[in-house]
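Biologist: Before I rely on any label attached to this protein, I should like to hear the grounds for each one. Please show me the structure.

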Amino acid sequence: MVPRVQLPPEIQLAQRLAGNDQVTRDRAVRKLRKYIVARTQRAAGGFTHDELLKIWKGLFYCMWMQDKPLLQEELGRTISQLTHAFQTTEARHLFLQTFWQTINREWAGIDRLRLDKFYMLMRMVLSESLKAVKAQGWEERQVEQLLELLTTEILHPNGEAPNGVKSHFLEIFLEELSKVGAAELTADQNLQLIDPFCRIAACTNDSLVLHNITRSILEMIVEQAPLAIEDLMNELDQQKAEDEVSDGDDELSEGSFCRADPEMDEEQAEDDGDSSDPVLQFDYEAVANRLFELASGESTPSQNRKRLYKVIQKLRELAGGTFPEDDVPEKAYKKLLEGRRERKKKRLLKSQSQEKGEGKEKALSPYPDLGVERKRSRRKVERAGSTVPAETRGQRGAHGRRRKRSRQLHRCKARVAGVQQPEKKRKQSLENRK
């Protein structure tokens with residue numbers, strides 16, 4: 001007998017990850033995490049590029065086979081958290097690089113029914129990669145390596161990334177970055193994080209990439225400026241409150257007693273509930289100067305320069321103190337939004353009440369199906385009339401009406417005759433008997 005060939009562990013795991021049985025796939029994911037931890041702990045260990053491509057192919061089809069939405073989310077979280085199982089930065093970056101290469105290669109084969117879960121997987125992997133950099137204190141070298149990896153695999157002009165991958169990545173980058181690091185990152189660090197996108201926007205010949213960078217990153221910074229200023233003011237107010245609390249503690253230690261105002265506490269709680277997630281802080285003047293430096297270069301295409309100059313003007317207005325909602329106070333702006341929401345609700349309720357009223361009228365009418373039958377008969381007549389040539393429609397109209405009237409008269413006469421015939425027969429039979 002021919003001895004059985006022992007397959008490498010990466011291929012075995014990939015086969016189990018892409019299996020039909022869900023229990024087998026779940027066990028393979030757990031074994032893969034242990035295998036990654038054990039192999040990357042050794043000094044001479046680690047994975048090659050081809051081995052990680054095989055593993056990612058198995059993980060891709062493991063996600064492909066999962067159908068239930070809640071289980072998809074759980075599996076996507078489990079797969080994305082494999083990023084933290086790698087013990088070295090080089091192995092982790094190679095794992096992320098092979099992920100984006102796998103997505104680019106398999107993107108054309110994803111149907112629209114499975115597209116959402118792979119959008120979700122891309123978002124989760126990007127979030128975990130940012131969390132890995134956050135765990136290392138946002139070191140400048142680690143940030144540069146991650147940004148170089150992402151821009152090379154996704155936004156490189158000679159790359160293989162489809163337009164769908166590029167667009168979705170640019171849409172979610174700033175959002176995921178604000179979720180992960182808005183509470184820690186400074187304005188200088190945020191400028192460093194968006195600098196590669198500014199350079200690409202200044203030199204790219206791809207209009208789709210230019211549009212997505214300006215809309216999803218640069219203009220989003222302008223739109224979030226009022227929220228960023230509000231977060232900054234809240235931090236300053238919090239610092240003042242802490243200072244006042246410390247002074248109050250000193251007074252309490254001397255024997256005084258103060259009671260908090262319950263109404264103020266309720267208002268503060270409502271404000272905390274209404275406040276959204278923290279927003280990234282930017283030095284708008286520094287961002288405008290950096291964009292102007294890149295856009296004013298000789299190699300910058302004219303359409304890119306025009307688009308970036310518009311953003312630069314908005315950023316300089318922000319740096320000068322002009323905000324998008326500066327003319328409208330904050331409370332009035334909130335009331336305006338609430339008024340719009342109430343109007344929409346009233347319109348919905350009004351339309352629903354009208355639909356209910358029509359349903360009641362139909363239910364109360366003695367012949368509820370009469371109107372429907374009339375509409376159907378009208379449609380049939382219109383369809384029949386549309387089949388007649390246009391030249392002969394006017395000529396046949398009068399004859400058709402006459403024929404219709406004559407038919408109605410014949411029907412009425414027939415009905416009357418049918419009702420009166422028994423009475424005649426009865427009279428004749430009585431006369432014969434007499």
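Modeller: The following exchange sets some labels against their definitions.

Modeller: This is a predicted model, in which local features need pLDDT of at least 70 and side-chain atom pairs count only at pLDDT 80 or more, whereas totals for chains, interfaces and linings use all residues. Residues are numbered from 1 along each chain as its sequence is written, and side-chain values use heavy atoms, with hydrogens and water left out.

Biologist: Why is Leu185 called buried?

Modeller: Buried means under 20% relative accessible area, exposed over 50%, and partly exposed in between (1.4 Å probe, protein chains only). Leu185 has 6% relative accessibility and therefore counts as buried.

Biologist: Why is Glu175 called partly exposed?

Modeller: Its relative accessible area is 36%, so Glu175 is partly exposed. Glu176, by contrast, is buried because its value is 4%.

Biologist: What makes Glu176 and Arg123 a salt bridge?

Modeller: A salt bridge requires a side-chain nitrogen of Lys or Arg within 4 Å of a carboxyl oxygen of Asp or Glu. The closest N and O atoms of Glu176 and Arg123 are 2.7 Å apart. Glu175 also forms a salt bridge with Arg123, at 3.5 Å from N to O.

Biologist: Why is the pair Glu175 and Arg123 said to tie together separate parts of the sequence?

Modeller: Glu175 lies in helix H8 and Arg123 in helix H6 (residues 115-135), so the pair joins parts 52 residues apart in sequence. Helices here are DSSP runs (H or I) of at least four residues, numbered from the N terminus.

Note on methods. Helices (H or I, at least four residues) and strands (E, at least two) are DSSP runs, numbered from the N terminus.
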